[in-house]
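Please read this report next to the sequence and the coordinates. It goes from one chain as a whole to some of its ring pairs, and then to single residues.

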Amino acid sequence: MKTFDKDRLMLAIAGPALALVAAFALTMIVLGATGINPIEPLRIMVENAGYEDIQVLIVNQAGTYYLAALAVAIGFRMNLFNIGVDGQYRLAAMVSAVVGTAITLPGPLHILLIVLVAMMTGAFWAGIAGVLKAKRGVSEVVSTIMLNAIATSLIAWLILPKNLGVQVEGSNDLTTGEIAQSGWFPALSLGDSGEIYGFTFVAFALGFVYWFVLNRTRFGFDLRASGASESAAAASGVDSKKMIITAMLISGAVAGLSGMPVLLGESHTYTLVFPVGVGFTGITIALLGRNSPVGIFFAALLMAFIDKASAGLDTAGYAKEIGTIMKGLIVIAVVVSYELVRRYGIRRQQQKVGEELASGGAIKTDKEVAA
Amino acid sequence: MHGITKRFPGVVANKDIAITVRKGTVHALIGENGAGKSTLMKILYGMQKPDEGTIAIDGEQVSFNTPGDAIARGIGMVHQHFMLADNLTVLENVVLGGEKLYGIGAKARKKIKEISDAYGLGVRPDALVEDLGVADRQRVEILKVLYRGAKILILDEPTAVLVPQEVDALFDNLRELKAEGLTVIFISHKLGEVLKVADDITVIRRGTTVGTADPKTATTKQLAELMVGSELPSPETRESTVTTTPMLQVEDLTVAETGVVMVRHETSARMMLPMDRTIDPSAELGRLLLDGVSFTIHKGEILGIAGVEGNGQTELIEALMGMISPAAGVITLDGTDITKSSVRKRRVGGIGYIPEDRHRHGLLLESPLWENRILGHVTERPNSKSGILDLKAARKDTERIVREYDVRTPGIEVTAASLSGGNQQKLIVGREMSHNPKFLIAAHPTRGVDVGAQAQIWDAIREARREGLAVLLISADLDELIGLSDTLRVIYRGRLVADADPATITPEELGTAMTGAASGHLEASDNHSAGTDAGTESPEDEAR
Amino acid sequence: GGKKSSDASSSPSESGQKSAAIAYDIGGRGDQSFNDAAYAGLKKAETDLKIKTSEAEPTDGEGEADKVQRLTELARKGNNPVIGVGFAYAPAIKKVAPKFPDTTFGIIDDTSVTGPNIANLVFNEEQGSYLAGVAAAKVSKTGTVGFIGGVEVPLIKKFEAGFTQGVKDTNPNAKVLSAYLTQPPNFDGFAKPDLGKAAAQGQLDAGGADVVYAAAGLAGSGAIEAASAKGKWAIGVDSDQYNQAGLAKYKDSILTSVTKDVEDSVFNLIKSVEDGKPTTGEIRYGLDKDGVGLADSNPKYKEMADVIAAVEKAKADIIAKKINVKTAP
Amino acid sequence: MSTSTVSATSAAPKKPGGRKKLTLPWIMLIVAGALALVSVVRLISGANDLTSVGQVSGALSLAVPIGLAGLGGLWAERSGVVNIGLEGMMILGTWFGAWAGYQWGPWTGVLVGIAGGAAGGLLHAIITVTFNVNHIVSGVAINILALGFTQYLSNFTFAEAPGGSSKQSPQVEPIYKVTVPGLSDWMADLQGKHWFFVSDLAGVIGGLVTEISLLTIVALLLIPATWWVLWRTSFGLRLRSCGENPIAAESLGVNVYKYKYIAVIVSGALAGLGGVYLSEVASPIYQEGQTGGRGYIGLAAMIFGNWMPGGMAMGAGLFGFIDSLKLRGGAENVHAMLLLIAILLVLVCVWQLYKKKYIQAGVAAVFAALLFLWYATTDSVPSQFVDAAPYLTTLLVLALSAQRLRMPKADGMPYRKGQGK
Ligand SMILES: Nc1ncnc2c1ncn2[C@@H]1O[C@H](COP(=O)(O)OP(=O)(O)OP(=O)(O)O)[C@@H](O)[C@H]1O
Ligand SMILES: Nc1ncnc2c1ncn2[C@@H]1O[C@H](COP(=O)(O)OP(=O)(O)OP(=O)(O)O)[C@@H](O)[C@H]1O
Ligand SMILES: [Mg+2]
Ligand SMILES: [Mg+2]
């Protein structure tokens with residue numbers, strides 16, 4: 001059994017590693033084909049990632065991505081496709097920023113309040129899709145796409161100065177006002193290189209919670225069972241409608257957290273230029289990380305690395321879209337290699353089962369005679 | 001077919017098989033589960049390519065790359081598992097792939113009618129396959145083959161889901177086809193049938209041909225010995241353990257078709273309105289899938305339900321499990337009303353469940369065995385303690401089940417999908433028995449399971465019964481049903497229409513009742529309908 | 001701190017040559033609008049002042065930290081001035097500027113951040129738009145004119161406010177229809193010409209407008225196309241769209257354009273640093289400095305003496321502060 | 001318990017329960033009813049633009065790209081392949097369409113744009129059909145790749161072309177537009193009379209015969225054409241069988257791989273055509289970010305339409321209609337929509353009462369009352385809500401309508417030849 005697992009681990013690592021090499025090679029081919037030095041941009045990216053200030057950016061971005069991807073992954077674990085993480089976290093960030101500005105509490109309580117409001121807002125927004133699916137059978141793919149757009153409009157309305165927003169004199173931006181210092185999450189300062197948002201650590205810790213809840217609790221088992229086979233889960237005692245709503249609520253709550261690293265660690269306010277699109281990157285990362293907390297961690301780091309390391313390419317005279325192309329190629333290469341490895345693994349496993357059956361065959365005959 | 005060898009990763013499904021089928025005969029192919037019958041036929045049908053060996057038809061060497069090639073040579077196959085697209089009509093399913101013959105329109109419809117009438121198949125071309133029962137589906141499968149004008153018919157276990165009368169009808173058809181000069185290859189586990197219809201018999205064991213038999217002289221016993229090298233085990237059970245303590249009481253259980261709710265169920269009117277909005281409400285009347293079903297199972301009793309598939313068995317099981325909510329009726333388990341309880345509550349309350357479709361309801365195919373061991377009992381020990389899973393204990397217990405129930409597997413980390421059907425079933429039985437259920441729903445507990453495993457499963461059920469387990473047994477295998485049950489009921493169109501004494505009833509009589517031809521109490525060799533009291537029944541009645 | 005990204009490559013200051021840098025807003029170079037205008041200013045500085053230049057583009061969905069890092073890197077490499085294009089750079093400049101007291105930081109469209117080394121380059125878009133309103137009211141026969149904003153943000157609302165005021169002051173009975181294509185942070189409204197077209201068609205045929213003013217970036221080309229197809233007037237924005245190659249087909253329908261001279265503002269700031277007298281604080285480009293204005297390349301427009309007279313009068317009044325143009329509708 | 005008699009009516013043999021085919025007269029009646037309702041609202045609210053010729057043709061041009069993407073999704077999913085990469089394939093369509101269009105004329109652009117989308121489809125097919133990778137992963141990857149690839153290529157192509165930039169192509173010559181002479185004017189006249197129903201009908205017809213691009217006509221024809229091909233030809237039957245039960249199809253000699261490949265490539269081509277429509281008809285240039293999520297909306301329209309061309313077209317049409325309403329004088333038009341929705345909710349309430357579902361009826365009544373109140377007390381809707389109108393309406397329609405969605409049974413499932421049991 002032990003060796004079996006070791007082999008599996010080897011396979012699990014070899015797959016993505018080979019895929020990454022393949023993706024880089026493909027990127028080089030694209031570059032070469034368009035008459036660009038195929039090595040140089042990659043070298044610059046790797047070099048960029050060697051600098052501490054960029055590393056800080058990568059880690060911080062990875063924290064945000066991690067949360068968004070966890071939110072998506074929770075849905076995926078039970079075959080729900082929550083495309084709405086983007087809307088959920090933006091609305092959550094906005095509402096929690098408003099509450100955090102309006103109410104000031106001593107230190108940790110203030111932060112807790114903001115985080116709770118964010119989770120509740122995210123859960124509420126995702127819950128709409130959950131209820132619509134459970135009660136009315138509305139496909140969550142459609143409803144979350146619609147809810148994303150509705151969230152955009154709702155935020156745009158809420159942030160108007162006549163409603164909840166503030167327009168600072170001389171600024172063309174709209175904000176929700178600044179959260180008092182007690183609501184800032186302490187950061188890990190690396191001096192000149194910047195600081196790592198404290199919430200980033202919370203994000204990664206949440207990965208552990210995710211793992212624990214999913215793999216070590218009854219609830220997690222029910223959720224995974226629903227994802228693996230809805231019919232079998234129903235027969236095992238899972239109320240599928242309740243599960244849909246619960247899963248959407250949790251997914252939305254985690255989605256609500258994805259805005260927190262930036263809100264609590266950097267901007268301390270929600271503005272028109274608050275990062276967008278994190279939810280969509282989260283989908284990619286969840287898929288790439290195969291919904292596993294460790295896989296998502298590496299996938300988030302990888303995506304953050306490509307983002308930040310490729311940002312400087314244009315300064316060096318190369319198109320920074322190379323990063324985007326690389327992302328696409330990596331996703332394809334990695335999943336194709338997963339599949340190839342999986343097939344190989346199944347073949348091996350069946351071989352083992354077959355051997356077992358073959359060796360057990362003799363005993364079987366004896367028993368049958370006895371019966 | 002000569003020298004056919006086919007290897008799958010880890011398994012040699014066919015090893016140097018040789019088989020010769022004479023033109024214009026019915027040739028039976030028998031062998032235990034996994035012997036390689038289906039694989040051999042798939043090779044003949046071009047669905048799989050042999051690693052070695054040759055096929056000759058009418059003396060001419062052929063090589064098929066796709067089923068299309070085989071069809072072109074006049075071969076048709078009815079598969080072991082239905083090969084039908086549910087959401088397409090019968091017509092579409094039939095013409096698929098053979099559109100060149102008669103198009104896909106009126107001409108094809110006419111042709112289908114023609115064949116259907118000629119063989120008395122009674123097929124409606126424009127019905128959705130989804131709405132058909134198993135027997136109808138079987139007919140569509142046969143029609144598919146006939147439509148293509150096949151000269152060689154392969155029937156892979158066509159009788160598994162049919163009642164004896166339907167089997168007879170099918171055999172009549174086969175004889176007719178034979179008379180027309182067609183060749184039929186017929187696979188079955190039911191040896192009696194084989195002897196009845198076959199002209200030649202070939203026995204396959206572990207992927208090789210081990211012999212042939214002459215149906216005129218051979219007996220089922222001989223065949224069984226050829227097949228497995230042992231006697232046929234029997235599900236006979238005679239010492240009664242039935243007590244007078246009711247374990248499960250079901251009263252007036254009524255289930256309406258999904259998507260419709262009953263409006264005035266108290267008046268027993270079948271006026272129902274669709275739950276969803278439609279154009280014309282009155283145009284849509286739902287129907288009852290279960291209609292006023294009542295019975296009692298006592299501790300230590302096995303109640304067998306006989307019936308053609310699709311007559312409400314599935315709904316009965318699901319209503320008892322709480323997976324669908326009945327329109328009316330009361331279910332009492334061990335004195336507690338569980339009519340409104342959730343599935344989980346019922347399971348914790350002591351209901352064990354061997355589902356009829358293990359892949360859909362019993363297993364997480366892509367999960368390891370130990371997770372499958374937790375499935376359905378996640379709230380119970382040893383699987384979890386106060387909401388937290390106890391993986392160590394669950395794993396250990398899985399190993400115990402694997403050991404005690406003889407599940408053939410290299411370990412408990414492999415996925416359930418990689419086990420063969422029989423071993424999957426043993427795992428499920430082991431799991432359900434591990435929680436000392438008060439009441440067990442056993443739906444086709446040995447379907448598709450080979451003889452050795454069959455005996456083990458029967459033993460496990462009998463063992464538990466001795467300790468006071470109440471069992472609801474649903475099976476298409478009438479021998480099993482008669483052999484195991486203490487009481488027998490027949491379900492027909494959602495109603496329990498007849499009861500019988502397993503000590504005296506024969507499979508043929510039971511089969512007749514299953515088609516709705518008889519009702520009331522079935523006396524041995526006297527199956528006229530003896531109208532019994534439709535009102536309240538005494539426990540005596542229940543305990544036969 | 002360890003190695004910083006900016007420590008590595010040789011900085012221009014070391015090689016002795018002066019250098020200026022701009023950091024773009026979302027959209028980046030090639031947007032044929034705002035960013036491109038800033039780029040033009042930079043290029044002009046490169047040729048006229050013989051200095052080196054650097055540019056950096058943002059990535060989609062980035063946060064404040066990325067902007068801080070970008071500005072820091074540009075500053076540390078010795079670029080002076082470092083100009084952030086767009087109000088989104090305000091919080092980042094607030095953080096970075098104090099760390100580089102010898103570098104001048106420019107920011108366009110924002111005066112909320114201030115400092116001894118910060119130059120706020122702002123424009124009175126409402127003033128230019130007011131003139132557009134005057135012209136529109138004058139040429140309109142139906143008394144109804146349309147305004148199309150790309151994305152409903154305060155900056156674009158300034159355009160709307162000025163335009164509406166200009167129309168109303170000229171013809172109190174006139175009606176201004178206004179539409180925004182998208183809501184922030186969905187900035188598609190600047191990139192989807194078909195939306196601009198649909199909105200313009202709505203104002204032209206259903207609303208009865210005969211002049212549309214589109215402050216919608218590239219989506220404005222859709223509005224211009226629609227106006228041209230209907231034989232009505234369109235008013236362009238940012239640069240003189242009559243002369244834009246991409247719009248040559250509809251140029252006859254482009255009455256005029258409200259210009260915003262981002263190019264010069266960038267160039268002027270670079271030049272001031274070059275000259276050793278860096279400007280700081282609020283540098284406002286209004287009608288008075290020709291920082292905003294109304295283009296008159298269309299010969300047909302030039303023929304409209306009464307319109308031109310009205311516009312000139314309004315311009316003089318605004319410069320003379322006789323008219324105070326509102327910045328919010 | 002045994003009953004002595006088995007009543008003949010006890011249970012009909014398996015019959016198609018619950019499902020009812022919508023026949024043509026029914027559809028016509030529903031459409032007419034909807035139009036009448038809109039007409040009533042128009043008369044009450046005075047929002048005459050609701051069914052004007054311009055509104056209808058505007059709705060059409062906004063609906064076409066969504067509809068083409070939806071049609072693309074339909075082809076792929078009918079063969080069992082989920083295509084979330086529609087957005088990426090559309091991007092390829094916009095880019096390649098404009099790239100070829102500005103150099104060699106619009107029709108070449110159409111062909112090259114279709115080819116670009118089809119190339120995206122081919123990639124999707126290779127990944128999902130040959131490598132059996134999760135369809136969503138592949139789609140997401142294609143979306144990323146298409147975006148990066150086109151942005152990257154713009155640097156070498158459009159950036160150097162006169163009138164173009166790295167974000168935008170030069171102008172493409174327009175595709176010929178037709179107006180049915182006489183009829184168009186007549187309809188416009190009739191529409192202008194603002195009569196009940198007649199004017200609305202005239203508006204709809206007028207929108208279809210006025211200034212309609214040839215490409216729009218092609219796109220409209222593709223909807224019945226798709227229906228015909230998929231439901232009335234043996235090719236279509238085979239293709240659909242791959243989405244319903246590929247193993248059964250395989251057992252009858254259908255080359256499942258081939259049909260899946262064809263379907264996914266056609267899917268990409270249709271999405272590509274949707275892209276070309278954006279960069280040649282809706283506006284005559286390619287513009288980065290031009291698709292703006294229309295691929296996803298197309299997907300939603302397809303699910304909305306229950307994987308059927310007609311339903312999908314209705315979904316896309318609804319979206320285009322509301323989107324156009326909002327863009328053309330949003331505040332007033334959308335305000336009128338409040339009334340429409342309120343009336344619809346009243347109808348729902350009556351229906352629920354009839355069905356004795358009092359809670360649902362109550363909820364509908366409350367919402368209807370709130371909407372009436374909103375309508376009566378205001379005379380426009382904040383522009384932010386106007387913007388959300390198409391999305392809200394879609395969500396509302398989905399929530400209120402019966403969800404009898406039925407996706408192809410093997411949609412999204414991996415398939416490998418020779419693996420059937
Ligand atoms: N696609 C496959 N891949 C791997 N192994 C297979 C495959 N199909 C069949 N096998 C193996 O080949 C052996 C023969 O299977 P086959 O289906 O021919 O048995 P059978 O005689 O038809 O059994 P049954 O009576 O249960 O239908 C089985 O042991 C099975 O493990
Ligand atoms: N499609 C497949 N892919 C891989 N392996 C398969 C496949 N089909 C069958 N097998 C292998 O075949 C073996 C059993 O197949 P199968 O389920 O037909 O066995 P069986 O004993 O005939 O079961 P049943 O009694 O349910 O028919 C398993 O070990 C499984 O790994
Ligand atoms: Mg089998
Ligand atoms: Mg078989």
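What follows describes a predicted model.

**Chain D as a whole**

Chain D is made up of 16 helices and two strands. Its C-alpha atoms occupy a box of roughly 70 × 70 × 40 Å along the principal axes. The radius of gyration of chain D is 24 Å, which agrees with the value near 22 Å for a compact globule of 421 residues. Of these 421 residues, 59% count as buried. Among the contacts in chain D with a separation of 6 or more, 79% are between residues 24 or more positions apart. The exposed area of chain D is about 15,500 Å², and carbon and sulfur atoms supply 72% of that area.

**Ring pairs in chain D**

Over all chains, the structure holds 34 aromatic pairs. Two of them, which share Phe158(D), are set out below.

| Pair | Centre to centre | Angle between planes | Class |
|---|---|---|---|
| Trp95(D) and Phe158(D) | 5.1 Å | 40° | tilted |
| Phe158(D) and Tyr286(D) | 5.5 Å | 40° | tilted |

Why do these pairs count as tilted? Planes under 30 degrees apart would be stacked and planes over 60 edge-to-face, so the rest are tilted. The planes of Trp95(D) and Phe158(D) are at 40°, and the planes of Phe158(D) and Tyr286(D) are also at 40°.

Which parts of chain D does the pair of Trp95(D) and Phe158(D) tie together? Trp95(D) belongs to helix 3 (residues 86-104), while Phe158(D) lies in the loop between helix 5 (135-154) and strand 1 (177-178), so the pair joins parts 63 residues apart in sequence. Both Trp95(D) and Phe158(D) are buried.

The second pair starts from that loop between helix 5 and strand 1 and reaches Tyr286(D), in the loop between helix 11 (256-282) and helix 12 (294-304) of chain D; it therefore ties together parts that are 128 residues apart in sequence. Tyr286(D) is buried, as is Phe158(D).

The three residues also belong to a cluster linked by ring pairs, which consists of Trp95(D), Phe96(D), Trp99(D), Tyr102(D), Trp104(D), Phe158(D) and Tyr286(D).

**Charges over rings in chains A and C**

In chain A, the charged end of Arg290(A) sits over the ring of Tyr338(A), at 4.0 Å from the ring centre. In chain C, the charged end of Lys67(C) sits over the ring of Tyr89(C), at 5.7 Å from the ring centre.

**Two residues in helices**

Is Thr128(D) buried or exposed? Its relative accessibility is 2%, so Thr128(D) counts as buried, the limit being under 20%. Thr128(D) is part of helix 4 (residues 106-130) of chain D. A polar atom of the Thr128(D) side chain lies 2.7 Å from the backbone oxygen of His124(D). Apart from neighbours within four places in sequence, Thr128(D) is in contact with Val81(D), Val133(D), His135(D) and Ser138(D).

Ile74(A) is placed in helix 3 (residues 52-77) of chain A. Ile74(A) has a relative accessible area of 6% and is therefore buried. Which residues does Ile74(A) touch, not counting residues up to four places away in sequence? They are Tyr210(A), Leu223(A), Ala247(A), Ile250(A), Ser251(A) and Val254(A). Ile74(A) and Gly227(A) are 153 residues apart in sequence, and their C-alpha atoms are 9.9 Å apart in space.

Technical notes: Residues numbered from 1 in each chain as written. Chains lettered and ligands numbered in written order. Predicted model: local features only at pLDDT ≥ 70, side-chain atom pairs only at ≥ 80, totals over all residues. Heavy atoms only, no water. Phe/Tyr/Trp six-rings, centres within 6.5 Å; stacked < 30°, edge-to-face > 60°. Helix = DSSP H or I, 4+ residues; strand = E, 2+ residues; numbered from the N terminus. Buried < 20%, exposed > 50% of the residue type's maximum accessible area, 1.4 Å probe, protein only. Lys NZ or Arg CZ within 6 Å of the ring centre and 35° of its normal. Polar contact = N/O pair within 3.5 Å; in protein donor to acceptor, adjacent residues only side chain to side chain. Contact = heavy atoms within 4.5 Å. Rg over C-alpha atoms; globule rule 2.2 N^0.38 Å. Areas by Shrake-Rupley, 256 points an atom, 1.4 Å probe, with all protein chains shown as cover.
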